[in-house]
Amino acid sequence: MNPTATAASDAATAVIEVENPATGAIAGTVPEQGVADVAPLVERARAIQPAWWGLGFDGRAEVMRRAQRWTLDNADRIVDTIVAETGKTRDDAQLAELGYAGAAFGFWAKNAAKYLRDRKVRVSSPMLIGKKALVRYRPRGVVGVIGPWNYPLVNSFGDCIPALMAGNAVILKPSEVTPLTSVLMAECMAESGAPDGVFQVLTGRGDAGAELIDHVDFVMFTGSTATGRKVAERAAKTLTPVGLELGGKDPMIVLADADVEKAANAATYYSMQNGGQTCISVERVYVEEPIYDEFVGRVAEKVAKLRQGRPGDAGSVDVGAVTFPRQAEIVAAHVEDARAKGAEIPVGGHLRPGPGRFFEPTVLTGVDHTMDCMREETFGPTLPIMKVGDAEEAIALANDSEYGLQASVWTGDVARGEQLASRIESGVANVNEHLVSYVALELPMGGWKESGLGTRHGAEGIRKYCRQQSSVVSRFGPKREIFMYPYSKRTARLIRGFLKLLYGRGPKE
Ligand code: NDP
């Protein structure tokens, strides 16, 4: 496999070699595009964007439906590419990545017009009686999408779909660690009838991503909080609006009345799925004292049984590789920090010797908030479990974090669970569920605190890719409104009377 970005400049001679993290072999190469390549790509995008918008929602939806079909017709190629550049299991690639893309093409093709059609608004001002008020949504122009390495299809290409359906041209800058899937999706869009230049891939490093910010009309960034800050700073220079989907440290709270087996299965799966490299993985668990020992015992048993290794056929392994070399160092450092501060590690705890980069599925107990594994994003196959006295302590600890992406409460009392979930400071807070809420494309998903700005999915997930235009339309009316020139004492008195009638009848002191 040696795919080439359709957007590659002919002048680009340098290449980026993409490593297969499960084997250490080279999975493919892409042209290394740099700062100088950005302006020509954006120019091309700007030239074609009006024609793409001119196709209308139905015309764009047709392209998306063909792309949806293409994605499933080419499922093996897509899954092979994702597995090769991330080292994740085939099962993770199929369910989370292919499954998401398949659904998202159809969802936005169907719902974009509903969310973006001109929206009539009832206004309350008496000055506008008899007039029509509405909001129009118009594409911003060229959208830059900058994506991370953990989900090359979901979190890089996934955000391009609503941006395109809104009528924008899109330039996608995937992570230099995993650019191959994005290149494949450029092929998908071209073969599905997207006009040349409407969707382009910029295969470069961080500096190319930074340059892109200066040229586009909106930036959708998914990645770490540290880089998200840099993106916001850069965008401030041109006052370019940004959407930021950043890191997380998702807490799971397990109350004494929870179904322990169900909660243990969920904790195991949602912490280890995708090798723990999911922004909304379970990163820390708080368990009420009466069921703590039983919960830890069950989780440890389940995690110890997980099969890890080089991804083969579907069903051959449960946990794949660590995609990004630096991430393996962070995971190891968090485990060592916890060990040094007194944590116990009943399962796992080590980076396995190569070939490939595999960190053992790991359970940590006896942890507390002095440890990095409870405060910093670990982003690996680790599960720290902490005992708490009651739900109040669990909520306080869950909120003791700079992050606020997602959380879950597990309990037999759903009403109490909902009440507790509503007190957690995060963009998503589920009851007896964890990350499956991501597939509810109707629900806004986004972070509070340092986990982000804005949301993806739902109405706001596509309206953000538009400029809003408000409009008041008058069909009939007098030749001169009463408040217009010439001003007079009589009119002023009349207006005062009206104001008093309308707004001056509140409760007396
Ligand atoms: P990074 O922040 O390191 O990189 C994200 C993207 O930004 C990459 O394409 C990177 O390019 C690019 N980039 C680097 N520097 C700049 C810059 N100065 N200006 C513009 N772009 C730049 O994130 P990771 O790839 O390490 O992804 C993991 C992170 O993503 C985790 O924190 C995770 O929680 C978060 N994430 C959040 C999600 C959410 O929905 N909230 C979903 C998925 C992941 P290059 O790689 O080439 O350097």
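How many bridges pair E3 and strand E4, and in which sense do they pair? Keep that question in mind while I say what we are looking at: this is a predicted model.

Now the answer. E3 and E4, the latter covering residues 132-139, are joined over 2 bridges, and the sense is antiparallel. One residue pair to find on the screen is Lys-120 with its bridge partner in E4, Leu-134.

These two strands belong to an open sheet of 3 strands. Its order reads E3-E4-E20, and the pairing is antiparallel. Which strands stand at the edges? They are E3, residues 119-120, and E20, residues 466-473. Each has a single partner strand, so one side of E3 and one side of E20 have no neighbour in the sheet.

Next, helices. Two packed helices are described by the angle between their axes and the distance between the axes. I have two pairs to show.

The first pair is H1, residues 35-54, and H8, residues 206-215. Their axes come within 9 Å and cross at roughly 40°. That angle makes H1 oblique to H8. The crossing of H1 and H8 is right-handed. On the H1 side, the residues that meet H8 are Val-35, Val-38, Ala-39, Val-42 and Arg-46. On the H8 side they are Asp-207, Ala-208, Glu-211, Leu-212 and His-215. Sorted by class, the H1 and H8 contact has 6 nonpolar residues, 1 polar and 3 charged.

The second pair is H3, residues 75-86, and H4, residues 90-116. Here the axes also come within 9 Å, and they cross at roughly 115°. H3 and H4 have a right-handed crossing. From H3, the contact takes in Ala-75, Asp-76, Ile-78, Val-79, Asp-80, Ile-82 and Val-83. From H4, it takes in Arg-90, Ala-93, Gln-94, Glu-97 and Leu-98. By class, that contact of H3 with H4 has 7 nonpolar, 1 polar and 4 charged residues.

Last, a single residue, Arg-416. Where is Arg-416 found? It sits in helix H15, which runs over residues 414-421. Arg-416 has 35% relative accessibility, and a value between 20% and 50% counts as partly exposed. Leaving aside neighbours within four places in sequence, Arg-416 is in contact with Leu-255 and Ala-391. For Arg-416 and Leu-351, the separation is 65 residues in sequence and 40 Å in space, taken from C-alpha to C-alpha.

That is the tour: a sheet, two helix pairs and one arginine.

Technical notes. Residues are numbered from 1 along each chain as its sequence is written. This is a predicted model: local features need pLDDT of at least 70, side-chain atom pairs count only at pLDDT 80 or more; totals for chains, interfaces and linings use all residues. Side-chain values use heavy atoms; hydrogens and water are left out. Axes are lines fitted to C-alpha atoms, for helices over the stretch in contact, and angles run from 0 to 180 degrees between N-to-C directions. Helices (H or I, at least four residues) and strands (E, at least two) are DSSP runs, numbered from the N terminus. Angles under 35 degrees count as roughly parallel, over 145 as roughly antiparallel, 65 to 115 as roughly perpendicular and the rest as oblique. A crossing is left-handed if the near helix is turned anticlockwise from the far one by less than a right angle, and right-handed if clockwise. Contact means heavy atoms within 4.5 Å. Ala, Val, Leu, Ile, Met, Phe, Trp, Tyr, Cys and Pro count as nonpolar, Asp, Glu, Lys and Arg as charged, and the others, Gly among them, as polar. Two strands pair if DSSP finds at least two bridges between them. Buried means under 20% relative accessible area, exposed over 50%, partly exposed in between (1.4 Å probe, protein chains only).
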